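Reader: Could you take a close look at one part of this protein for me? I'd like to hear about a single residue and then how the rest fits around that spot.

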Amino acid sequence: MKISIATKLIAACAMFTGASAVFSHVVLDEPVALAGRGYKAALRVSHACEGSPTTAIKVTVPVGFQGAQPMPKAGWTVTITRAKLAKPYDSHGKTVSEDVSEITWSANSQDSWLPAAYYDEFVFRGGLPAEAGAMWFKVLQTCEKGSNNWSELPASGTSTKGLSLPAALLEIIPSEIVGHQH
């Protein structure tokens with residue numbers, strides 16, 4: 001009996017995510033992805049700064065996440081920061097030596113602020129490395145009053161238990177887990 005790619009991916013996702021998603025943290029909507037593939041990251045923001053509305057979100061793009069492209073968001077200005085890469089990569093026959101290192105969404109006015117009673121998603125896409133492993137997205141959430149720096153990493157492994165402001169985790173799994181179907 002052949003098991004579909006979708007079934008294998010769902011099983012792999014369940015294996016990695018379990019009940020660890022905590023809704024009060026900034027998390028990725030899809031916390032598991034296949035190595036060496038394109039990935040659409042949707043950062044889910046559902047936590048205000050002690051009741052104060054969110055006015056900006058800045059994500060630090062981790063090393064290995066290639067060619068990040070943010071999705072525009074109505075009522076918000078998006079800016080990108082580029083940085084020189086320690087290890088250039090090849091993209092469609094061209095060497096890339098500088099890439100997006102930060103993406104910032106800033107509310108254009110008070111009407112666009114994200115109130116504490118609501119959640120929203122901040123979306124970008126890019127390419128994943130060929131190697132499996134954990135990839136952490138650090139997010140600075142700025143509010144009308146205060147901020148939350150979602151940047152804590154576990155000393156080892158991927159459990160964020162005990163961290164009050166954990167970075168958003170993406171588990172990259174080997175493409176071989178899913179297998180190839182023709």
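Author: Sure, let's zoom in on T104. First, the small print: this is a predicted model, where local features need pLDDT of at least 70, side-chain atom pairs count only at pLDDT 80 or more, and totals for chains, interfaces and linings use all residues. Residues are numbered from 1 along each chain as its sequence is written, and side-chain values use heavy atoms, with hydrogens and water left out.

T104 sits in strand β7, residues 94–107 (strands are DSSP runs of E, at least two residues, and helices are runs of H or I, at least four, numbered from the N terminus). T104 counts as buried because its relative accessibility is 17%, buried being under 20% relative accessible area with a 1.4 Å probe, protein chains only. Setting aside residues up to four places away in sequence, T104 touches I57, K58, T77, V78 and T79; contact here means heavy atoms within 4.5 Å.

Now zoom out. The protein has two helices and 11 strands, and from the N terminus on the order is α-β-β-β-β-β-β-β-β-β-β-β-α. Of its 182 residues, 38% count as buried.

The largest nonpolar core has 29 residues, of which F65, F124, F137 and L170 touch the most other members (such a core is a set of buried Ala, Val, Leu, Ile, Met, Phe, Trp, Tyr and Cys residues joined through side-chain atoms within 4.5 Å). Strand β7 is one of the elements that each supply at least two residues of this core, and β4 (54–60) is another. As for L170, its contacts beyond four places in sequence include L28, Y39, M135 and F137.

Methods:
Buried < 20%, exposed > 50% of the residue type's maximum accessible area, 1.4 Å probe, protein only.
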